[in-house]
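Open the model in your viewer and keep the selection panel at hand. This tour says what to select next and what is there.

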Amino acid sequence: MSNVVTLTRRELQATFFSPIAYVVGAGFLLLSGYFFLRDVLVPGNEASMRPLFDNMARLLVFAVPLLTMRSLSDELSSGTLETLMTAPVTDAQVILGKFIGIMLFYVALLATTLLDAILLLHYAEMPWQAVAMGYLGLLLLGAAFTAVGLFASTLTRYQILAALIGAGLLAALTFMMDYLGGLRGDLWRVITSGMNLLGHFDDFSKGILDTRALVMLISVAAFFLFLAVKVLESRRWR
Amino acid sequence: MIDVKDLTKYFGQRAAVDHITFQVEPGQIVGFLGPNGAGKTTTIRILTGYMPATSGAANVAGFDVFSQSLQARRQIGYLPENVPLYTDMRVREYLDFRAKLRGMDRAARQKRLARVVEMCWLKDAFHRPIGQLSKGFRQRVGLADALIHDPKVLILDEPTIGLDPTQIREMRNLIRQLGGKHTVLLSSHILPEVEATCDRTIIIAAGKIVAQGTVEQLRHQILGGSRVIAELRGNGQQMQKEIASLGGVKNVELAEQDGWNRLLIETTGKDVREDVAQMAARKGWNLREIRLEVGSLEEFFVQVVARQHEQQQRQANAAA
């Protein structure tokens with residue numbers, strides 16, 4: 001387990017070292033701030049962070065793959081994966097370490113937006129529990145998205161490809177499901193809404209804790225982390 | 001310490017490693033010698049657990065590299081060919097990171113860090129980011145990483161590639177010092193290097209082992225010893241007969257060159273220069289040159305690889 005801590009620290013260091021993280025972070029925060037001012041902090045509007053949360057979630061579909069793209073692709077292209085995998089660490093530890101490392105950066109990013117929430121609470125009467133739910137939803141969504149992005153990164157040594165695959169997968173699991181849902185009948189709609197990650201996030205955004213959504217987002221995260229470990233492992237039996 | 005049996009690795013249709021078998025005893029320094037593309041790096045990657053073999057078995061320190069990979073990896077210190085490092089970390093940070101991955105506690109880390117920095121001459125670079133270091137320094141950082149946990153087995157893939165002559169010499173000295181306490185398997189296509197540092201050599205070409213043994217054994221295998229060349233003045237035929245009767249002489253060839261007799265004396269490996277010189281003095285033959293031509297590993301290598309090529313050609317033609 002201490003290996004995971006070591007690898008997490010390393011991943012955090014690598015993430016903060018990369019200029020991409022700062023650019024993506026800055027871009028994300030800039031746009032979040034814009035959405036906040038446009039949709040939330042408007043006199044006369046209902047006091048709710050919901051428009052902000054929804055827009056942030058949509059931003060994340062593209063922002064997270066950009067954060068995760070260097071994670072394994074870098075190791076693949078520079079050859080450092082060889083020294084990592086010939087050290088006495090398991091592939092699961094490697095993936096877990098990277099996952100937690102990136103999540104920590106993500107949490108730091110989210111924490112910066114708390115400023116918006118505090119501002120709103122200062123001006124309006126609003127149950128803070130709803131806001132807390134929203135952030136929990138963003139955390140879980142971020143976890144699921146990070147897992148997908150990490151998986152995409154294990155597939156290729158080219159960062160840009162990892163970002164595209166990750167964004168593609170996430171877009172399929174969000175926007176595409178949304179669009180497909182409207183096409184056919186009831187059963188189809190049930191299936192697609194089940195696979196729509198943003199749909200699951202919706203409840204959190206409203207301030208509701210729906211355990212189905214909770215389990216779904218955690219499961220998606222776990223599933224893609226599992227896939228990522230398998231891809232790494234496959235090097236050992238190819 | 002390293003036990004390889006019938007190891008094979010196919011990449012698609014091509015056998016990069018073709019049923020090789022060899023052992024490395026504890027404390028030995030063994031050189032893996034071969035032209036580029038011979039299968040050295042592939043074999044090494046299988047031993048270190050980076051990729052699996054297609055068939056065959058390999059054991060390091062008693063652990064099977066495939067089924068007991070984690071335990072095997074603990075016993076190995078590995079320096080890959082291109083020395084991949086995290087360029088954003090400083091040397092101290094990087095070595096500390098690697099030591100932690102090996103499960104070393106703080107006290108052990110501090111002690112070993114100081115030790116490997118000393119062994120690998122990294123004092124000047126200790127606090128610098130790896131991205132700023134020259135190739136020579138990076139190679140030493142890689143070596144320090146391989147040594148940090150004091151492993152039983154060291155596997156070094158082309159450890160002196162890209163270094164300047166001084167650094168190469170230092171590296172070779174270091175490797176020689178490591179033998180005995182550590183078992184070392186190094187790969188190279190630089191023959192003098194293998195000659196200079198290794199107890200035993202394994203020559204590999206096109207995925208197959210073509211020869212193995214100590215440098216002396218290998219020399220005898222192909223060149224059958226060494227030669228002494230002497231230029232003397234006197235009765236050529238008599239010289240030939242008398243020198244041939246010396247102990248350690250296999251054959252004497254005679255050639256005349258403007259009054260001087262040029263004798264090519266093939267020996268069993270014994271250095272007969274002194275005996276020849278003494279005989280010349282006793283018999284009153286004028287001696288103007290005497291020199292020892294040691295069969296070099298280079299000739300052996302080139303011959304052996306050429307033969308391998310011929311064999312492959314014949315097989316290819318037969319199949320066609």
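Two strands count as paired if DSSP finds at least two bridges between them. Keep that in mind for the sheet in chain B. One caution before starting: this is a predicted model.

**Stop 1: a pair of strands.** Select residues 153–157 of chain B, strand S7, together with residues 183–188 of chain B, strand S8. They pair in the parallel sense, over five bridges. Which residue of S8(B) is the bridge partner of B:Leu154? Pick B:Val184 to see the answer. In general, strands of a sheet pair through backbone hydrogen bonds, either parallel or antiparallel.

**Stop 2: the whole sheet.** Widen the selection to six strands of chain B, in the order S6-S7-S8-S3-S9-S10. They form an open sheet with mixed pairing. Which are the edge strands? Strand S6 (76–79) and strand S10 (208–213) of chain B hold those places, and each pairs on one side only. Look along the sheet for its twist, which averages 15 degrees from one strand to the next.

**Stop 3: a helix on the sheet.** Add helix H1 of chain B, residues 40–48. This helix packs on the sheet. It touches strand S3 (29–33), S6, S7, S8 and strand S9 (200–205) of chain B. Compare directions: that of H1 makes about 150 degrees with that of S7(B).

**Stop 4: two domains.** Colour chain B by its domain assignment: domain 1 covers 2–221, and domain 2 covers 226–293. The centres of the two domains of chain B, taken over C-alpha atoms, are separated by 45 Å.

**Stop 5: where the chains meet.** Now show both chains. The contact takes 18 residues from chain A and 19 residues from chain B. Which elements of chain B give two or more residues to its side? Select helix H2 (69–74) and helix H3 (91–101) of chain B. By class, the side of chain B that touches chain A has eleven nonpolar, five charged and three polar residues.

**Stop 6: chain A.** Hide chain B. Chain A has ten helices and zero strands. Its radius of gyration is 19 Å, close to the 18 Å that the globule rule gives for 238 residues, so chain A is as compact as a globular protein of that length. Along its principal axes, the C-alpha trace of chain A spans about 60 × 45 × 30 Å. Buried residues make up 43% of the 238 residues in chain A. Finally, turn on contacts in chain A between residues at least 6 apart in sequence: 78% of them join residues at least 24 apart.

Definitions and conventions. Residues numbered from 1 in each chain as written. Chains lettered and ligands numbered in written order. Predicted model: local features only at pLDDT ≥ 70, side-chain atom pairs only at ≥ 80, totals over all residues. Helix = DSSP H or I, 4+ residues; strand = E, 2+ residues; numbered from the N terminus. Rg over C-alpha atoms; globule rule 2.2 N^0.38 Å. Buried ≥ 20, exposed ≤ 12 C-beta atoms within 10 Å, placed from the backbone. Contact = placed C-beta atoms within 7 Å. Nonpolar A, V, L, I, M, F, W, Y, C, P; charged D, E, K, R; others polar. Axes fitted to C-alpha atoms, helices over the stretch in contact; angles between N-to-C directions. Domains from an automatic or database assignment.
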